[in-house]
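Me: I am new to this structure and should like to learn how to read it. Would you kindly take me through its features in turn?

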Amino acid sequence: MMSKQKKVVALSFAENTLLPQVVFNDSGIYAANFEAEFKKVHSDSRVIKDPELLERLAVLPVNTAISPDLYQLVAMLIVHVFSVEELLKRRAS
């Protein structure tokens, strides 16, 4: 059985833009290395793992802004992650 290759898509907001754009899109060893380096450099940032969102973003080339519909999905997912994290913090205290 073949193992699935790691895929990574990174988004970023550029100045004077309304929608985030794809700044990294790769798989395999490059994706694994990118994620490891990102976690080292941006330890305060979150890595969100959502297979459905990943597949939708993975078809976009680097330096492409995501569509408004896809942005809405990204925003909803981030709001959900923050909500769950806040709930877990309150339960822990």
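Reply: Let us begin with the order of the elements. In this predicted model, the protein chain reads β-β-α-α-α along the sequence. That pattern is made up of three helices and two strands.

Me: What box do the C-alpha atoms of the protein chain fill, and what share of its residues count as buried?

Reply: Taken along the principal axes, the box is roughly 40 × 40 × 30 Å. Of the 93 residues, 18% count as buried.

Me: How should I read empty space in a model, and how much of it lies in the largest pocket?

Reply: Rolling a probe the size of a water molecule over the atoms shows where empty space is left. Here, the largest pocket holds about 1000 Å³ of space. It is lined by 31 residues, and those closest to its centre are V9, A10, R46, V47 and I48. The elements that contribute two or more residues to this lining are strand 1 (7–12), helix 1 (29–41), helix 2 (51–57) and helix 3 (68–92).

Me: How do the residues of that lining divide into nonpolar, polar and charged?

Reply: The lining of the largest pocket has 20 nonpolar residues, three polar ones and eight charged ones.

Me: Let us turn to salt bridges. What should I look for, and how many are there?

Reply: One looks for a side-chain nitrogen of Lys or Arg within 4 Å of a carboxyl oxygen of Asp or Glu. By this rule there are seven salt bridges. A network of them links K6, E35, K39 and K49.

Me: Which salt bridges does E35 form with K39 and K49, and at what distances from N to O?

Reply: The side chains of E35 and K39 meet at 3.2 Å, N to O. Because these two residues are four apart in helix 1, about one helical turn separates them. The side chain of K49 also meets that of E35, at 3.3 Å from N to O. K49 lies in the loop between helix 1 and helix 2 whereas E35 is in helix 1, so this pair ties together parts that are 14 residues apart in sequence.

Me: Are E35, K39 and K49 buried or exposed?

Reply: The relative accessible area decides: under 20% is buried, over 50% is exposed, and values in between are partly exposed. E35, with 8%, is therefore buried. K39 has 42% and is partly exposed, while K49 has 60% and so counts as exposed.

Me: Where do R56 and E52 lie, and how far apart are their closest N and O atoms?

Reply: Both lie in helix 2, four residues apart, or about one turn of the helix. Their salt bridge has its closest N and O atoms 4.0 Å apart. R56 is partly exposed at 44%, and E52 is exposed at 53% relative accessibility.

Me: Which residues form a nonpolar patch on the surface?

Reply: I48, I78 and F82 form such a patch, with about 230 Å² of accessible area together. F82 belongs to helix 3 and is partly exposed, at 42% relative accessibility.

Me: Finally, what may be said of V62 and N63 in the loop between helix 2 and helix 3?

Reply: V62 is 38 residues from F24 in sequence, yet their C-alpha atoms are 5.9 Å apart in space. At 39% relative accessibility, V62 counts as partly exposed. N63 has a phi near 70°, a positive value in a residue other than glycine. At 57% relative accessibility, N63 counts as exposed.

Key: Residues numbered from 1 in each chain as written. Predicted model: local features only at pLDDT ≥ 70, side-chain atom pairs only at ≥ 80, totals over all residues. Heavy atoms only, no water. 1 Å grid on protein atoms, 1.4 Å probe; cavity = no way out; pocket = protein on both sides within 12 Å on 5 of 7 lines; lining within 4 Å. Points joined across faces, edges and corners; volume = space filled by probe spheres on them. Nonpolar A, V, L, I, M, F, W, Y, C, P; charged D, E, K, R; others polar. Patch = residues over 30% accessible without salt bridge, like charges linked within 9 Å, V, L, I, M, F, W, Y side chains within 5 Å. Areas by Shrake-Rupley, 256 points an atom, 1.4 Å probe, with all protein chains shown as cover. Buried < 20%, exposed > 50% of the residue type's maximum accessible area, 1.4 Å probe, protein only.
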